[in-house]
Amino acid sequence: MDLDYFKNFFIKQVEDFGRSIIESIAGLGNMFLFTARFFYWSVRPPFRFKLLFEQLFFIGNKSIAIITLSGMFTGMVMATQTYFGFKLINVDSLVGVIVALGMAKELAPVLTGLIVAGRAGSAMAAQIGSMKVTEQIDALEVMGINSIQYLAVPRIIASTLALPMLSVVFLFVGNLGSYWVGTKSLLIDEAIFFSKLSEFMNVEDLFQGIIKAFVFGFVISIIGTYFGFQVEKGAVGVGRGTNLAVIWGMISVLILDYFLTIYLVRIL
Amino acid sequence: MQFENPAISLKNVTKKFGEHTILNDLSFDIARNSITTILGFSGAGKSTLLKHVLGILSPTSGTIEVLGKDLSTLDKVELREFRRNFGMLFQYAALFDSFTAEENVAFPLTEFTQFSKEEIHQQVTDLLVSVGIKLESFKKLPSELSGGMRKRVGLARALALNPHIMLYDEPTTGLDPITTKMVNNLIVDTAEKNKDREMTSVIISHDVKATLEISDYVAFLDRGTIVEYLPVDEFKNSKNPLIQEFLKL
């Protein structure tokens, strides 16, 4: 009796595990198909520039406040922490450039990606998901309008363009924070601060961050819109879709960051 | 039932999802310029049938002709363009919730016509007035409109491109009796007003009372098969036990 119970329990666990793997692979395949559809529809008229600018405004302009705030404090914290570490080995003059390099290559694109995944990725999934459960997407299709072209294409292009710009804003503001804390609070000499920056900082370092942000912007919006279109079963489904969009958006940023870093340090 | 030059013609249409047969060897016509209701219990295959007529789903076997065109011969782009022959009123109107009533009705006109802003504004006003929406509600968002008003706006949007076939998906579900009567009158009025264009109305419903009041023909769908399809007066007197049971509800 007990043996049967444990046997069945074990079989069920294996079945559930196997099913979740199959579902994950199927989901990944569906997402690739969705991405292929995006490319197919993004180059076909009509080109809805008004929708694109609306999305650029939403993802770009409306994220600037949170990006500025996050960038400023990240720069300030980074400068403070780096200073106290570097002070021990008398290289505190390198605080500015270390913060700038870290921000340009990693923190600016990654943190901007995480913020946009939380803010805009979730909004994409929620908007498209609620349109799906209220038959608004069906209404578009019945009118002869492709819903991917109308809803996903402007969002994905806008996110891909906006994220590098937001990342540059993050980097700029972060470095301002670092400069302010470094020179005004930690009393690093201003001339040394800037001379080290110009000595060790290259354009390639900026490119690395911008390329990463470009990829993150694309992936976050693909994930956000994909989970929006997958929504089923009313409000619960919208909540689930939004949740998955944020989780997978953030995880993707962190995983991709590693692989992009390996690739970009070799080519740049 | 077979008609000469029908608006919609299904021949041996079967749809299977895996092992489940949703539509089972359906063959029937829908007459032009008529109001035809497809009645049936939930899960009978009504919505699947509607999606086939719109070309959103393809049958596993059989052919569907709409306005004399075999849908299986159209590629995806042609099918999208062909769908402009349809107008559809959804169960809960499916208005775009970020658009006002006016913008919802203007949407198909701005997407598919070359009309100037003034011409579109004039057409939108005419359409909204024709379905009984007052001027002060033109700028309201769907969330600020009652269920009945949303249906009116949805109907105005569906009619914007002068469709040849008007589809109504459960138009009276969830409405109070007065609004139900209003929607029924609206369906009949719309059919009357567009009679000269030979507009065909197809209603998917399980509202027996409304069906008998407004339809010319009634088809009863059960488990993917049409079990009865008659002019409304004959349908009322059908001897089919299933129909008798349904009519008693």
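**Notebook: V105(B), strand β9(B) and the A–B contact**

I began with V105(B) in this predicted model, and, setting aside neighbours within four places in sequence, I found V105(B) in contact with V124(B), L127(B), L128(B), V153(B), A156(B), R157(B) and A160(B).

I then looked up the largest nonpolar core, which has 130 residues, and noted that V105(B), A156(B) and A219(B) are those with the most contacts inside it. The largest share of this core, 18 residues, comes from helix α4 of chain A, residues 95-133. As background I noted that in soluble globular proteins nonpolar side chains tend to be buried together.

Next I turned to strand β9 of chain B, residues 217-222, and found this strand mostly covered, with five of its six residues buried. On one pairing, I found that strand β3(B), residues 35-40, runs parallel to β9(B) and is joined to it by five bridges, with L39(B) standing opposite F220(B). On another, six bridges join β9(B) to the antiparallel strand β10(B), residues 225-231, and here V218(B) stands opposite L230(B).

I also checked the turn: β9(B) and β10(B) form a hairpin with two residues between them, and R223(B) in that turn has a positive phi of about 45 degrees.

Last, I looked at where the chains meet: how many residues does each chain bring to the contact? Chain A gives eleven residues and chain B gives 14 residues. On the side of chain A that touches chain B, I recorded four nonpolar, four polar and three charged residues.

How values were computed. Residues numbered from 1 in each chain as written. Chains lettered and ligands numbered in written order. Predicted model: local features only at pLDDT ≥ 70, side-chain atom pairs only at ≥ 80, totals over all residues. Contact = placed C-beta atoms within 7 Å. Nonpolar A, V, L, I, M, F, W, Y, C, P; charged D, E, K, R; others polar. Buried ≥ 20, exposed ≤ 12 C-beta atoms within 10 Å, placed from the backbone. Helix = DSSP H or I, 4+ residues; strand = E, 2+ residues; numbered from the N terminus. Pairing = 2+ DSSP bridges. Core = buried A, V, L, I, M, F, W, Y, C linked by C-beta atoms within 7 Å.
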